[in-house]
Amino acid sequence: MRTQVAIIGAGPSGLLLGQLLHRQGIETVILENRSADYVLGRIRAGVIEQGMVGLLEQAGVAERLHKEGLVHDGTELAFAGARHRIDFKKLTGKTVTVYGQTEITRDLMEARTACGAQTIYEAEDVMPLDFDGAKPHVRYRKDGKDIEIECDFIAGCDGFHGVSRQSVPATSIENFERVYPFGWLGILSETPPVSEELIYINHERGFALCSMRSPTRSRYYLQCSLAEHVEDWTDARFWDELKLRLDDQARERLVTGPSIEKSIAPLRSFVAEPMRFGRMFLAGDAAHIVPPTGAKGLNLAASDVHYLSGALVEFYREKSSAGIDHYSARALSRVWKAERFSWWMTTLLHRMPESSGFDRRLQHAELDYLVSSPAAAMAMAENYVGLPY
Ligand SMILES: Cc1cc2nc3c(=O)[nH]c(=O)nc-3n(C[C@H](O)[C@H](O)[C@H](O)COP(=O)(O)OP(=O)(O)OC[C@H]3O[C@@H](n4cnc5c(N)ncnc54)[C@H](O)[C@@H]3O)c2cc1C
């Protein structure tokens with residue numbers, strides 16, 4: 001088998017890259033080790049920057065997003081019992097859109113099927129080979145048969161635990177990491193959201209986030225210890241703890257109901273450098289992870305895909321490798337800005353296990369400054385809605 005770009009991973013990075021390249025006449029094959037249903041069943045991100053909305057439009061998959069997505073002009077920060085609004089639109093002229101990652105994945109999968117591009121699900125033992133040499137190829141097993149795909153380039157879009165980054169010799173890659181001493185316990189419920197916009201809560205008992213996926217579907221998170229087990233959290237216990245962290249008005253408005261998903265996610269900051277190894281590129285979670293506090297994970301995956309698809313189009317159309325040569329530096333420059341913002345939001349809003357009274361007072365002073373200084377609010381808004389590509 002032969003293709004121009006072999007893509008490993010059918011998450012948002014791989015599917016979006018495949019779609020953008022297909023629309024430019026570049027052939028791709030996607031290899032995914034899970035089933036399509038499994039990929040669609042993963043509940044993850046939901047806040048989309050305008051830049052990513054633009055890319056989805058470019059990929060021809062934004063119709064449902066524009067119909068069903070919820071445009072948010074701002075967000076709320078709650079601390080010391082009161083709520084304060086950061087008005088993104090007034091401060092930056094930009095908004096964000098709430099539309100679930102599962103829906104984006106579904107739209108991209110349907111578009112890929114409609115255009116006849118190939119995705120091989122349940123591909124076992126996928127392995128990128130000879131990406132530093134002249135004949136890159138990907139080997140995998142399917143239905144007991146070993147198969148090889150020859151290609152010009154390999155795109156490693158296979159997430160944090162994927163094989164692409166792990167195939168790079170240790171001497172050619174440098175990893176930067178911070179693991180946070182807490183996790184997020186998340187719940188999805190078929191209940192109307194407590195507020196029209198997201199509420200980020202800094203509370204004595206720990207951080208909480210009121211988010212949503214639609215006008216009838218809510219997503220709530222609680223900061224929890226990494227020693228917690230999801231089985232120990234009945235729905236009633238979750239709602240009781242959330243109520244303790246809400247302000248009075250939100251507590252009164254909260255509609256509770258049975259959870260349809262509940263999970264604990266650890267929080268991590270991680271960057272692998274560089275993002276190019278000969279004829280293999282890393283994109284999305286394969287190269288970097290951010291704690292979800294700044295809603296940047298999915299959006300960073302999209303910005304990598306923007307740079308990478310542009311570089312590959314330039315290579316095939318103009319026979320120029322300039323974009324490819326600059327891919328890693330361009331992507332990493334934006335990645336580190338999002339890493340900084342996500343780390344800042346995380347340290348500002350969470351209760352650190354070792355934090356003293358002094359640390360708590362400093363957090364409140366910084367939050368106070370953020371909601372009372374237009375310059376500070378502007379800096380937050382600019383990063384939240386997404387820095388330009
Ligand atoms: C539990 C959780 C909650 C999150 N919540 C948020 C949030 O609220 N906001 C936010 O912005 N971001 C969030 N994120 C991050 C966001 O979901 C990711 O940044 C986004 O999924 C990145 O897309 P990706 O395509 O790069 O990677 P992934 O979505 O991880 O996709 C990688 C794909 O590669 C496949 N794969 C892996 N290994 C192999 C292999 N060896 N061979 C073939 N295929 C392979 C995987 O099955 C997967 O389909 C969350 C992430 C997690 C894990």
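The exercises below work through sheets, ring pairs and salt bridges in a predicted model.

**Exercise 1. Determine in which order the strands of the three-stranded sheet lie, and which of them stand at the edges.**

Step one is to follow the pairing across the sheet, which is open and antiparallel and has the strand order β9-β10-β11. Step two is to look at the partners: β9 (124-129) and β11 (145-150) each have a single partner strand, so one side of each is left without a neighbour in the sheet, and these two are the edges. From one strand to the next, the twist averages 15°.

Step three goes down to the residues, where four bridges hold β9 and β10 (residues 137-142) together in the antiparallel sense. P128 can be used to check the register, since V138 in β10 stands opposite this residue.

**Exercise 2. Describe the eight-stranded sheet, and state which helix lies across β13, β14, β17 and β20.**

Begin with the order, which reads β6-β5-β14-β15-β16-β13-β17-β20 in an open sheet whose pairing is mixed. The edges are β6 (82-87) and β20 (288-289), each of which pairs on one side only. Within this sheet, β13 (residues 174-189) and β16 (residues 217-224) run antiparallel and are joined by seven bridges, and G183 has C224 in β16 as its bridge partner.

The helix is then identified as α11 (residues 322-349), which lies across β13, β14 (199-201), β17 (259-273) and β20 and runs at about 130° to β17.

**Exercise 3. Classify the ring pairs that F153 makes with F281 and with F315, and say which parts of the chain they join.**

The structure holds 18 aromatic pairs. For F153 and F281, the ring centres are 5.8 Å apart and the planes stand at 45°; an angle that is neither under 30 degrees nor over 60 makes the pair tilted. Because F153 lies in strand β12 (residues 153-156) and F281 in strand β19 (residues 280-282), this pair ties together parts that are 128 residues apart in sequence. Both F153 and F281 are buried.

For F153 and F315, the centres lie 5.0 Å apart with the planes at 90°, so this pair is edge-to-face. It links F153 in strand β12 to F315 in helix α10, 162 residues apart.

The accessibilities complete the solution: F153 has a relative accessibility of 2% and therefore counts as buried, whereas F315, with a relative accessible area of 24%, is partly exposed. Helix α10 (residues 297-318) also holds G310, which counts as partly exposed at 35% relative accessibility.

**Exercise 4. Find which ring takes part in an aromatic cluster and also has the charged end of K296 over it.**

First list the cluster, in which ring pairs link F88, W184, Y200, F207, Y221, F341, W344 and Y384. Next turn to K296, whose charged end sits over the ring of Y384, 5.6 Å from its centre. Y384 is therefore the ring sought, since it appears in the cluster and lies under the charged end of K296. A further arrangement of this kind is found at Y38, where the charged end of R34 sits over the ring at 4.2 Å from its centre.

**Exercise 5. Compare the settings of the salt bridges D152 with R2, E103 with R64, and R251 with D248.**

The count of salt bridges comes to 23. In the bridge between D152 and R2, the closest N and O atoms are 2.4 Å apart. D152 lies in the loop between β11 and β12 and R2 in the segment before β1 (5-8), so the bridge ties together parts that are 150 residues apart in sequence. D152 is buried at 17% relative accessible area, while R2 counts as partly exposed at 47%.

In the bridge between E103 and R64, the closest N and O atoms are 2.8 Å apart. This pair links E103 in helix α6 (residues 101-114) with R64 in helix α4 (residues 63-68), 39 residues apart. E103 is partly exposed at 24%, and R64 is partly exposed at 23%. Both belong to a salt-bridge network that links R64, E68, E103 and D107.

The side chains of R251 and D248 meet at 2.9 Å, N to O. Being three residues apart in helix α9 (residues 248-253), these residues are separated by about one helical turn. R251 counts as partly exposed at 33%, whereas D248 counts as exposed at 53%.

Notes: Residues numbered from 1 in each chain as written. Predicted model: local features only at pLDDT ≥ 70, side-chain atom pairs only at ≥ 80, totals over all residues. Heavy atoms only, no water. Buried < 20%, exposed > 50% of the residue type's maximum accessible area, 1.4 Å probe, protein only. Pairing = 2+ DSSP bridges. Axes fitted to C-alpha atoms, helices over the stretch in contact; angles between N-to-C directions. Contact = heavy atoms within 4.5 Å. Phe/Tyr/Trp six-rings, centres within 6.5 Å; stacked < 30°, edge-to-face > 60°. Lys NZ or Arg CZ within 6 Å of the ring centre and 35° of its normal. Salt bridge = Lys/Arg side-chain N within 4 Å of Asp/Glu carboxyl O.
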